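Welcome, and please open your viewer with the cartoon and side chains ready to toggle. We will go from one selection to the next and look at what is there.

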Amino acid sequence: MRLDKYLCDALGATRKEATKIIKSGDVTVNDVIQKSGSVKVTDNCVVEWQGREIQKPGPRYIMLFKPDGFVCSHEDGFNQTAFMLLDEVKMEDLHFAGRLDVDTTGLVLITDDGKWSHRITSPKHKCEKTYRVWLADPIGSDYAEKLAHGIELRNEKAPTLPAKLEIVDPQENELLLTITEGKYHQVKRMFAALGNKVEHLHRERIGQIELDENLEPGEYRFLTQEEIDSVWH
Ligand code: URA
């Protein structure tokens, strides 16, 4: 593995940050200062930054800013897949901790740690997801109450769990919706049941993990240890 990639994976740094760290001359591989990110690091190497050993990368935890037009699957005969945006090894080990529709943008979490992703996706744990929603028609004055109460969706036995609505811009029909479930097309179906239509949907937050505002659509970074651990709290 390249040294810059090693640091990205191990520190949750972006490639740009890793390059800066390496260029600063504070990184050693087997006690030799290395100033190039392309230096190869093998399993037996000891990598240190400012005299502290950087542990070898373990399970991978990634946040991706999914752009419009990409599907959350490994293969698709028609659309591009979100995995095509990743430049990683062992892609077959990675999976999505909660998918987005092809036309939904924003935060997707990708990992090879099944227990971790289960914690996010299992209905039992009621992990919050916040979506920024733009509706076709004005936001009804009764929406907040109805969403908090639960909405009956077609082909679902139980009403939706309480959801929180926060109006952002009434002129633009823009709001934030926080839900704790992940039913198929859930947000679109909730607003359809209220007689409205979702024009655009963008996920901003999963649990305590927020989409990094430094990421552009299609970019990704590794999660920090704090973000990884937050899922268990
Ligand atoms: N709800 C939807 O309707 N679509 C998504 O992509 C995510 C939540």
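**Stop 1: an exposed lysine**

Select lysine 90 to begin: its relative accessibility is 52%, so this residue counts as exposed (exposed is over 50% relative accessible area, buried under 20% and partly exposed in between, with a 1.4 Å probe and protein chains only). You will find lysine 90 in the loop between strand E7 (80-81) and strand E8 (95-96). Helices (H or I, at least four residues) and strands (E, at least two) are DSSP runs, numbered from the N terminus. Now add tyrosine 184, 94 residues away along the chain; its C-alpha atom is 28 Å from that of lysine 90.

Before moving on, note that this is a predicted model, where local features need pLDDT of at least 70 and side-chain atom pairs count only at pLDDT 80 or more, while totals for chains, interfaces and linings use all residues. Residues are numbered from 1 along each chain as its sequence is written, and side-chain values use heavy atoms, leaving out hydrogens and water.

**Stop 2: two helices**

Next, select helix H1 (residues 3-11) and helix H2 (residues 15-23), which pack at an angle of about 115° with their axes 9 Å apart. Axes here are lines fitted to C-alpha atoms, for helices over the stretch in contact, and angles run from 0 to 180 degrees between N-to-C directions. Show side chains: Leu3, Asp4, Lys5, Leu7, Cys8 and Leu11 of H1 meet Arg15, Ala18, Ile21 and Ile22 of H2 (contact means heavy atoms within 4.5 Å).

**Stop 3: the sheet beside H1**

Keep H1 on screen and bring up the open sheet of 4 strands, ordered E2-E1-E3-E4 with antiparallel pairing. Two strands pair if DSSP finds at least two bridges between them. At the edges are strand E2 (32-33) and strand E4 (52-53), each pairing on one side only. H1 packs on this sheet, where it touches strand E1 (27-29) and E3, and its direction makes about 70° with that of E3.

Zoom in on strand E3 (residues 47-49), which pairs with E4 in the antiparallel sense over 2 bridges. Which residue in E4 stands opposite glutamate 48? Glutamate 53 does.

**Stop 4: aromatic rings**

Over the whole structure, a search finds 4 aromatic pairs. Rings of Phe, Tyr and Trp (its six-membered ring) pair if their centres lie within 6.5 Å; planes under 30 degrees apart count as stacked, over 60 as edge-to-face and the rest as tilted. Select tyrosine 61 and tryptophan 116: the ring centres are 4.8 Å apart and the planes at 65°, so this pair is edge-to-face. Both tyrosine 61 and tryptophan 116 are buried.
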